[in-house]
There are 2 protein chains.
Amino acid sequence: MVALDRSLISRLPLFQGMTPEEQSELLRSARSSRYAKDSTIFEQEAEANSFFVLIAGHIRVVRTTPDGQQVIARYISEGEIFGVAAALGRTTYPATAVAAVDCVVLAWANSQWAELARRFPVFGATTYKTVGTRLQETQTRVVEMSTEQVEQRVAHALLRLANQTGRKTDSGIEIDFPISRQDIAEMTGTTLHTVSRLLSKWEDNGIILSGRQKVTVKDAHRLVVLAENRDKG
Amino acid sequence: MVALDRSLISRLPLFQGMTPEEQSELLRSARSSRYAKDSTIFEQEAEANSFFVLIAGHIRVVRTTPDGQQVIARYISEGEIFGVAAALGRTTYPATAVAAVDCVVLAWANSQWAELARRFPVFGATTYKTVGTRLQETQTRVVEMSTEQVEQRVAHALLRLANQTGRKTDSGIEIDFPISRQDIAEMTGTTLHTVSRLLSKWEDNGIILSGRQKVTVKDAHRLVVLAENRDKG
DNA sequence: TCCCGAGTTTGCGCCAGCGCAAATTGTCCA
DNA sequence: TGGACAATTTGCGCTGGCGCAAACTCGGGA
């Protein structure tokens, strides 16, 4: 359990449009915890008891196939709600959530969902909207997997990461958490080898900078061209 | 506009748990229409004014890429709600909905959503649950596209169609609406040529029967083996 | 009934990207 | 400071499935 200042959460969009009193009340009904890098918040197939809001850090949501292959469903950023499929009728978590860096998380029991959604309509509405948005995004991903080459998909993935979690540095936009070639492969449906080859090429071309578990986008514009073009780069 | 008997809808799960009076009221606030085979219910990118429930028929939901390629997002069956992404915060439809056969559809103005969800909590709850389920299903599809071979994906797609919309005939389970090789290709991220080759092979092996825009699953069990096996069939 | 066109089948060549293997490099910990 | 290990890079050969092209075949409308 972690003591949380209200100021930590009042900056998050999810809690905008609530009075300070409401924010405090919402906070009181939650329990908060820290998760160390690489620790698991919840496990696929486990009984879903809680839903969560990420206060600080980055979380990787992973689906594992029966034969052990992993696919990254999405990364969760600060202020996002997650583990809610359960609040929408599921009884088990459909994926595993792992802290990509040290994280701070708020959790509520699922049984509180109806009550909270009633008391804080903004909260409920935002959640439904979020789920709708994720459905759209996931369908977009299906379209990409169906119609694009690997190079385009990887370019798209990097651009998305840079937009959502990018941190401006003097050499470009750096992805804000450790991410391996394998991770990128699991986001795009390819192998770490192919990702490595692509990143090497792009680094030679001055489009990105990369190191161990690190990618910096130097020239987003050219990456967009790669992502959209149907020809070779 | 089509005159609708309440008995037409009272059998649908979506309207279970409502009193006959509520059902009638819900019906009165909707407008109903018929759509001929191949006609469009709504178009991708168009302003989203309404959401819908399919009363009879089958609807194909399609996403088109900027360069004109199509991907089938899903098929809608009787009793399902669709075109709701708008009710969840979007202002335009993310896909195009086309009648796969002659259809009967109920429609409500988006502006009625909040009111209806308030008056008929079951209706709202079912919808949110549906969206959650579709998110799961779509993510499953991403996993399949990432980890499975084309043959397995096509087998999975056929099994899903057979389960959801299959009609028992004396020779097996027949998919209940006209579906072309091209359609199956757009569901699985491959080409009609590859689908055709697979179906031919499976027909030779006695697993399916197929004709023009028609597929009948004769031996679902062997299809499951193909869908799950990592080896060749 | 015949004809036309959409839907389907099938052959052939090719290549993007995978699988395997081995070398290389950065990082953390003792 | 020196391993030791994890992450990354890179070479090489192979193949699943795509693209193209052509032939074929239903089914419905004139």
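In this predicted model, A:Ala227 is a buried residue, its relative accessible area amounting to 2%. The residue belongs to helix H8 of chain A, which spans residues 220–228. Leaving aside residues up to four places away in sequence, A:Ala227 is in contact with A:Glu148, A:Gln152, A:Ala155, A:His156 and A:Leu159. A:Thr165, by comparison, is separated from A:Ala227 by 62 residues in sequence, and the C-alpha atoms of these two residues lie 19 Å apart in space.

Attention then turned to charged side chains. Over all chains, a search of the whole structure returned 24 salt bridges. One of these joins the side chains of A:Arg134 and A:Glu80, with a nitrogen-to-oxygen distance of 3.1 Å. This pair links distant parts of the chain, since A:Arg134 is located in helix H4 of chain A (residues 121–147), whereas A:Glu80 is located in the loop between strand E5 (70–76) and strand E6 (81–82), the two residues being 54 positions apart. A:Arg134 has a relative accessibility of 8% and therefore counts as buried, the cut-off for that class being under 20%. The contact between A:Arg134 and A:Glu80 is also part of a wider arrangement, in which A:Arg74, A:Glu80, A:Arg134 and A:Glu137 are linked in a network of salt bridges.

In chain B, a salt bridge is formed between the side chains of B:Glu137 and B:Arg74, again described by an N to O distance of 3.1 Å. Here too distant parts of the chain are linked, with B:Glu137 in helix H4 (residues 121–147) of chain B and B:Arg74 in strand E5 (residues 70–76) of chain B, at a separation of 63 residues. The two partners fall into separate accessibility classes: B:Glu137, at 36% relative accessibility, is partly exposed, while B:Arg74, with a relative accessible area of 16%, is buried.

A further salt bridge in chain B connects B:Arg222 with B:Asp219, and the closest N and O atoms of this pair are 3.1 Å apart. Both residues are classed as partly exposed, B:Arg222 having a relative accessibility of 36% and B:Asp219 one of 23%. The value for B:Asp219 places this residue in the partly exposed class because buried residues are those under 20% and exposed residues those over 50%.

Terms used
Residues numbered from 1 in each chain as written. Chains lettered and ligands numbered in written order. Predicted model: local features only at pLDDT ≥ 70, side-chain atom pairs only at ≥ 80, totals over all residues. Heavy atoms only, no water. Helix = DSSP H or I, 4+ residues; strand = E, 2+ residues; numbered from the N terminus. Buried < 20%, exposed > 50% of the residue type's maximum accessible area, 1.4 Å probe, protein only. Contact = heavy atoms within 4.5 Å. Salt bridge = Lys/Arg side-chain N within 4 Å of Asp/Glu carboxyl O.
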